[in-house]
Amino acid sequence: MGGQGNGKEVKLLGTWFSRYAQRVVWVLKLKGIDYEWVQQGFRDPKNRSQLLLKYNPVMKTVPVLVHHGRPVLESLIILEYIDETWKNNPILPSDPYERAMAWFWENLIDQKILDRELTAKGNKYFGGETIGIVDIALSIITYWMEATEEVLGINIFDSQNYPFIAQWKTNLLEFIQQCLHPKHRLLRFYRKYRQSKL
């Protein structure tokens, strides 16, 4: 799982299908940080580990990053903590203005605006030529959106209407495919969930 850090020093409490937990996984992988994965039960309090109850006793939610025995909560806060702690392969710009803009775009989920932003800058990713905080935060429209499209038989971000989003998704998928569980597992999960709602 990477080259920096120690599995005993860094733990990540999460569920394999949580996009919020996977955001953290991607950044840990990007920075080459060794960590211990602690799988949590899904919507079942009995399956929550003692570590989760210890480090996040009020919310009991994931992800939780534990570094040297100290918990960090909420995925975006965790990402910022990782970026400040391990300086290699930064996901946030060093320039204060560019950093503020990165957080702005992270908070904006209007896909048409996002497509125009990529078009205007002509970048491979939102932050330039390397993966940054905006790319990680908008992960929902990459791997999970692709699985949803396949299950429902639709194409939400087609290359004709969203050419730059479509290319960005392809670029990011090349990286995150290394970090995730096989897509067939995610597809089975979505199909089972959808059938339970019918």
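In what order do the 4 strands of the open sheet lie, and is their pairing mixed? The structure described here is a predicted model. In this model, the open sheet of 4 strands follows the order S2-S1-S3-S4, and its pairing is mixed. The edge strands are S2 and strand S4 (70–73), each of which pairs on one side only. Averaged over the sheet and with direction ignored, neighbouring strands are turned by 25° against each other.

## Strand pairing

In general, strands of a sheet pair through backbone hydrogen bonds, in either a parallel or an antiparallel arrangement. The pairings in this sheet are listed below.

| Strands | Sense | Bridges |
|---|---|---|
| S1 and S2 (residues 36–39) | parallel | 4 bridges |
| S1 and S3 (residues 64–67) | antiparallel | 4 bridges |
| S3 and S4 | antiparallel | 4 bridges |

Individual residues can be followed across the sheet. Leu 12 of S1 has Leu 65 as its bridge partner in S3, and Leu 12 also stands opposite Trp 37 in S2. Leu 13 stands opposite Val 38 in S2. From S1 the chain passes through helix H1 (residues 19–31) to S2, and this β-α-β crossover is right-handed. Between S3 and S4, His 67 has Arg 70 as its bridge partner in S4.

## Burial of strand S1

Which way do the residues of S1 point, and are they buried or exposed? Val 10, Leu 12 and Gly 14 point one way from the strand, Lys 11 and Leu 13 point the other way, and all are buried. The general rule is that side chains of a regular strand alternate between the two faces of the sheet. Because 5 of the 5 residues of strand S1 (residues 10–14) are buried, this strand is largely enclosed by the rest of the structure. Lys 11 is among the buried residues of S1, and a reader examining the structure may wish to locate it there.

## Helices on the sheet

The edge strands of the sheet, S2 and S4, each pair on one side only. Helix H1 packs on the sheet, where it touches S1 and S2, and its direction makes about 155° with that of S1. Helix H3 (residues 75–85) also packs on the sheet, touching S3 and S4, with its direction at about 125° to that of S4.

The two helices also pack against each other. At what angle do H1 and H3 pack, and how far apart are their axes? The angle is about 10°, and the axes are 9 Å apart. An angle under 35 degrees counts as roughly parallel, and therefore H1 is roughly parallel to H3. On the H1 side, the contact is made by Tyr 20, Arg 23, Val 24, Val 27, Leu 28 and Lys 31. On the H3 side, the residues are Ser 75, Leu 76, Ile 78, Leu 79, Ile 82 and Asp 83. The residues of this contact comprise 8 nonpolar, 1 polar and 3 charged.

Asn 89, in the loop between H3 and helix H4 (96–106), is a further point of interest. Leaving aside its neighbours within four places in sequence, Asn 89 is in contact with Leu 30, Lys 31 and Asp 83. Lys 31 and Asp 83 also take part in the contact of H1 with H3. The C-alpha atoms of Asn 89 and Val 27 are separated by 9.1 Å, although the two residues are 62 residues apart along the chain. Asn 89 is partly exposed, with a relative accessible area of 41%.

## Backbone features in the loops

Most residues other than glycine have a negative phi, and most peptide bonds are trans. Which residues are joined by a cis peptide bond in this model? The bond between Val 62 and Pro 63 is cis, with omega about 5°. Pro 63 is found in the loop between helix H2 (50–55) and S3.

His 68 is not a glycine, yet it has a positive phi of about 55°. The residue lies in the loop between S3 and S4, and the hairpin of these strands has 2 residues between them. His 68 is exposed, with a relative accessible area of 52%.

Glu 74, likewise not a glycine, has a positive phi of about 75°. Its place is in the loop between S4 and H3. Glu 74 is partly exposed, with a relative accessible area of 48%.

How values were computed. Residues numbered from 1 in each chain as written. Predicted model: local features only at pLDDT ≥ 70, side-chain atom pairs only at ≥ 80, totals over all residues. Heavy atoms only, no water. Buried < 20%, exposed > 50% of the residue type's maximum accessible area, 1.4 Å probe, protein only. Pairing = 2+ DSSP bridges. Right-handed = clockwise from strand over helix to strand, strands pointing away. Axes fitted to C-alpha atoms, helices over the stretch in contact; angles between N-to-C directions. Contact = heavy atoms within 4.5 Å. Parallel < 35°, antiparallel > 145°, perpendicular 65-115°, else oblique. Nonpolar A, V, L, I, M, F, W, Y, C, P; charged D, E, K, R; others polar.
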